[in-house]
Amino acid sequence: MTQIVIMALATATVSVTIAQSSAFKWLRDWTNDVPVLGTLLSCSYCLGHWVAAALVFGNDWEWWITAMAHETIIPFTIAWLAVTGIAALISGAIGRLHGER
């Protein structure tokens with residue numbers, strides 16, 4: 001459970017930083033010509049799904065290979081969705097602290 005919370009905090013931090021901070025405005029502006037990427041990088045919730053997937057996969061990639069060999073990805077999916085959900089709550093709280101709706 002501790003790993004899920006840590007990955008959720010990291011997911012929220014990375015996704016909010018990329019989607020909202022001025023440090024990554026150049027990246028968001030650069031990807032605006034590609035609607036899918038522009039939307040993805042401007043939405044911390046949307047980006048959080050992909051960041052969470054990378055963190056969950058990267059956290060235990062050897063398990064992932066074993067799980068795929070046995071055709072079961074349910075634990076990965078549960079962990080991914082848990083991290084994404086908690087990160088969304090954290091991102092929302094950060095947004096409210098900054099006066100966003």
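**Group meeting: how α4 and α6 pack**

So, α4 and α6 sit oblique to each other, because oblique is what's left once you take out angles under 35 degrees (roughly parallel), over 145 (roughly antiparallel) and 65 to 115 (roughly perpendicular). Quick caveat: this is a predicted model, where local features need pLDDT of at least 70 and side-chain atom pairs count only at 80 or more, while totals for chains, interfaces and linings use all residues. Residues are numbered from 1 along each chain as its sequence is written, and side-chain values use heavy atoms, with hydrogens and water left out.

Back to the pair: α4 and α6 pack at about 140°, axes 9 Å apart. Axes here are lines fitted to C-alpha atoms over the stretch in contact, and angles run from 0 to 180 degrees between N-to-C directions. Contact means heavy atoms within 4.5 Å. On the α4 side you've got residues including Tyr45, His49, Ala52 and Val56, and α6 brings, among them, Phe76, Ala79, Trp80 and Val83.

Now, which residues of α6 are buried? Phe76, Ala79, Val83, Thr84, Ala87, Ser91 and Gly95. Buried is under 20% relative accessible area, with a 1.4 Å probe and protein chains only.

The largest nonpolar core has 10 residues, including Ile4, Met7, Ala52, Val56, Phe76 and Val83. α1 (2-20), α4 (44-59) and α6 (74-97) each supply at least two of them. By core I mean buried Ala, Val, Leu, Ile, Met, Phe, Trp, Tyr and Cys joined through side-chain atoms within 4.5 Å. Leaving aside residues up to four places away in sequence, Ile4 touches Ala79, Ala82, Val83 and Ile86.

How values were computed. Buried < 20%, exposed > 50% of the residue type's maximum accessible area, 1.4 Å probe, protein only. Helix = DSSP H or I, 4+ residues; strand = E, 2+ residues; numbered from the N terminus.
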